[in-house]
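Here are three short exercises on reading a model. Have a go at each task before you look at the worked steps.

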Amino acid sequence: YTKVSKRWVPYTLSAEQKQKRVQMAEVLYGDIVNESGNNYANLATMNESWMYFEYLIMTQWVPAGTARPQAARTTIHTKKIMLRAVLTGTEFWLLDFKTEIGGIDLKYFTEVVLSAIQDDMRILLESLIDRVRLHMDNAPSYNSKATNWFLTESIFERIPHPLYSPDLAPCDFWLFEELKGMMRGKKFAELNELSQFCSDFTESQNADKLKSVYEECERCCIQDGLKTPAQGLFRAPELNFFFFLFKTK
């Protein structure tokens with residue numbers, strides 16, 4: 001028997017995307033190093049992902065030479081909810097569950113999500129001296145003029161994120177990956193069951209674990225022989241990224 005995965009979809013970075021990735025990785029690397037002495041308390045990362053109410057087991061043992069089994073593909077009609085998470089190296093600041101009805105609009109994102117995090121950080125972050133560095137991907141709501149205007153007037157200073165680089169996004173390479181892995185074979189009947197499962201997982205993560213996630217992100221910035229920016233030896237890696245079919249970006 002051999003264990004097989006059902007299906008993969010490859011994406012190859014262009015030369016220009018590789019170069020931008022290197023440049024943005026330098027910036028992210030510098031912020032991670034600068035914040036390490038404060039346990040990354042002022043370095044926030046944000047991302048979102050669809051969470052499905054049922055996760056099929058995507059691998060199984062089959063006799064060698066047997067045709068790869070097929071699995072039902074998720075569609076836009078599959079029951080799901082959007083989870084947005086915000087964390088620093090010391091704690092989770094937000095788990096936001098937004099139903100698929102209506103999606104995520106700019107007003108909700110800026111006036112509810114970002115404003116709530118900002119208010120909490122102003123009260124609870126004793127180490128907040130200047131601004132909080134905010135790392136998030138290139139979702140349309142994140143790149144909008146309304147969001148950029150809000151950020152200029154807020155405590156946040158955005159860190160750029162290269163396209164198709166989940167290995168540089170802690171929520172992608174750790175949080176959502178591990179969370180969904182634990183959901184394999186599970187089916188949630190109600191929203192409160194799914195949200196409670198996610199909440200229980202995040203509450204079980206201590207500061208040492210969150211710190212290690214940022215340290216892993218630092219290693220990702222200098223992987224494959226890349227050196228520190230000060231040494232001037234950053235180079236574009238020959239990277240191909242792979243996504244499961246249920247990935248939306």
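Keep in mind that this is a predicted model.

**Exercise 1: the cavity**

Task: work out which elements supply at least two residues each to the lining of the largest cavity, and sort that lining by class.

Solution:
- Start with the search: over the whole structure, one cavity of 30 Å³ or more turns up.
- Next, its volume: the largest cavity holds about 30 Å³ of space.
- Now list the lining: Leu-28, Leu-43, Ala-44, Thr-45, His-135, Pro-170, Tyr-214 and Cys-217.
- Map these onto elements: strand E3 (43-52) and helix H7 (207-221) are the ones giving at least two residues each. E3 gives the most, with three residues.
- Finish with the classes: six of the lining residues are nonpolar, two are polar and none is charged.

**Exercise 2: H2 against H4**

Task: decide how H2 and H4 are oriented to each other, then say what kinds of residues make their contact.

Solution:
- Begin with the geometry: helix H2 (residues 106-124) and helix H4 (residues 145-152) have axes that come within 10 Å and cross at roughly 25°.
- Apply the cut-off: angles under 35 degrees count as roughly parallel, so H2 and H4 are roughly parallel to each other.
- Add the handedness: H2 passes H4 in a right-handed crossing.
- Pick out the residues: from H2 come Leu-106, Phe-109, Thr-110, Leu-114, Ser-115 and Gln-118, and they meet Ala-146, Thr-147, Phe-150 and Leu-151 of H4.
- Sort them: the contact of H2 with H4 has six nonpolar and four polar residues, with no charged ones.

**Exercise 3: H5 against H6**

Task: do the same for H5 and H6, taking the angle, the handedness and the contact in turn.

Solution:
- Get the two numbers: helix H5 (residues 170-183) and helix H6 (residues 191-203) pack at about 125°, and their axes are 11 Å apart.
- Classify the angle: roughly perpendicular covers 65 to 115 degrees and roughly antiparallel needs over 145, so H5 is oblique to H6.
- Check the crossing: for H5 and H6, this is right-handed.
- Read off the contact: H5 brings Trp-174, Leu-175, Glu-178, Leu-179, Met-182 and Met-183, while H6 brings Leu-194, Phe-197, Cys-198, Phe-201 and Thr-202.
- Wrap up with the classes: the contact of H5 with H6 comes out as nine nonpolar residues, one polar and one charged.

Note on methods:
Residues are numbered from 1 along each chain as its sequence is written. This is a predicted model: local features need pLDDT of at least 70, side-chain atom pairs count only at pLDDT 80 or more; totals for chains, interfaces and linings use all residues. Side-chain values use heavy atoms; hydrogens and water are left out. On a 1 Å grid over the protein atoms alone, a cavity is a set of points where a 1.4 Å probe fits but cannot get out, and a pocket is an open set with protein on both sides within 12 Å along at least five of seven lines; lining residues have an atom within 4 Å of a point. Grid points are joined across faces, edges and corners, and a volume is the space filled by probe spheres set on the points. Helices (H or I, at least four residues) and strands (E, at least two) are DSSP runs, numbered from the N terminus. Ala, Val, Leu, Ile, Met, Phe, Trp, Tyr, Cys and Pro count as nonpolar, Asp, Glu, Lys and Arg as charged, and the others, Gly among them, as polar. Axes are lines fitted to C-alpha atoms, for helices over the stretch in contact, and angles run from 0 to 180 degrees between N-to-C directions. A crossing is left-handed if the near helix is turned anticlockwise from the far one by less than a right angle, and right-handed if clockwise. Contact means heavy atoms within 4.5 Å.
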